[in-house]
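Here are a few exercises to work through with the model open beside you. Take each task on your own before you read its solution.

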Amino acid sequence: LNYFNINYFEVRKNINQKDYINKIKLCRPDVICSSNSLFLGEEILSIPKKSCLNRHSSLLPSYKGLWPVFHAYINNETSVGVSVHTMNNQIDSGIILSSKELKIEKNDSIYNLYKKCFDESVEVLIQALQKVEENDYSDCRISNKDSYFSWPSSDDWIKFRKMKGRFI
């Protein structure tokens, strides 16, 4: 498939299938950039000449994992953020190449906070790509609080509703 002169293919379920791995190898990428919840296995991580990068909606290493903005919101954080990091075989735990902090405003919804993160993602990704181009893999973390979250629990949803949280 081709869109705006960019070749791509759709991934269904597990990207670590041989067919997908072979398609990626044929591209001979310098860098792979990810902005999704797919887990890339060792074979894919070893394909690019330079690095695999992941864009994540938190100030890593805080709020690794799923739904980071939601979890930051229910934990009464004053800010969220976006980070781009190198990928390894652990979720959201590579070298943080670039990040940007975003303040949570009084009337922010979950949707609005994620939108802010994605709006800033282009700038943060470009900064990370410039560092990779220069072989600069220095860590630029803003936070040192390490945390991981998965799917919201029933208690998380109760807390969100009690806070009168909004998605839109």
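**Exercise 1. Work out the strand order of the open sheet and find its edges.**

Step 1. The open sheet has four strands in the order β3-β4-β6-β7, with mixed pairing. Strands are DSSP runs of E of at least two residues, and helices are runs of H or I of at least four, numbered from the N terminus. Two strands pair if DSSP finds at least two bridges between them.

Step 2. Because β3 and β7 (96-103) each have a single partner strand, they stand at the edges, and one side of each has no neighbour in the sheet.

Step 3. On average, neighbouring strands are turned by 15° against each other, direction ignored. Axes here are lines fitted to C-alpha atoms, for helices over the stretch in contact (heavy atoms within 4.5 Å); angles run from 0 to 180 degrees between N-to-C directions.

A note on the source: this is a predicted model, where local features need pLDDT of at least 70 and side-chain atom pairs pLDDT 80 or more, while totals for chains, interfaces and linings use all residues. Residues are numbered from 1 along each chain as its sequence is written, and side-chain values use heavy atoms, leaving out hydrogens and water.

**Exercise 2. Find how β4 pairs with β3 and with β6.**

Step 1. β3 and β4 (residues 51-56) run parallel and are joined by four bridges. Look for Cys 33, whose bridge partner in β4 is Leu 53.

Step 2. With β6 (residues 79-86), β4 pairs in the antiparallel sense, again over four bridges. Here His 56 stands opposite Ser 83 in β6.

Step 3. Now add the helix: α4 (residues 110-133) lies across β3, β4, β6 and β7, at about 155° to β7.

**Exercise 3. Describe the stacked pair of Phe 9 and Tyr 20.**

Step 1. The structure holds 13 aromatic pairs. Rings of Phe, Tyr and Trp (its six-membered ring) pair if their centres lie within 6.5 Å; planes under 30 degrees apart count as stacked, over 60 as edge-to-face and the rest as tilted.

Step 2. Phe 9 and Tyr 20 are stacked, at 5.8 Å centre to centre with 10° between the planes.

Step 3. Phe 9 lies in the loop between β2 (6-7) and α1 (18-27), and Tyr 20 in helix α1, 11 residues apart.

Step 4. Phe 9 is partly exposed at 26% relative accessible area, whereas Tyr 20 is buried at 9%. Buried means under 20%, exposed over 50%, partly exposed in between (1.4 Å probe, protein chains only).
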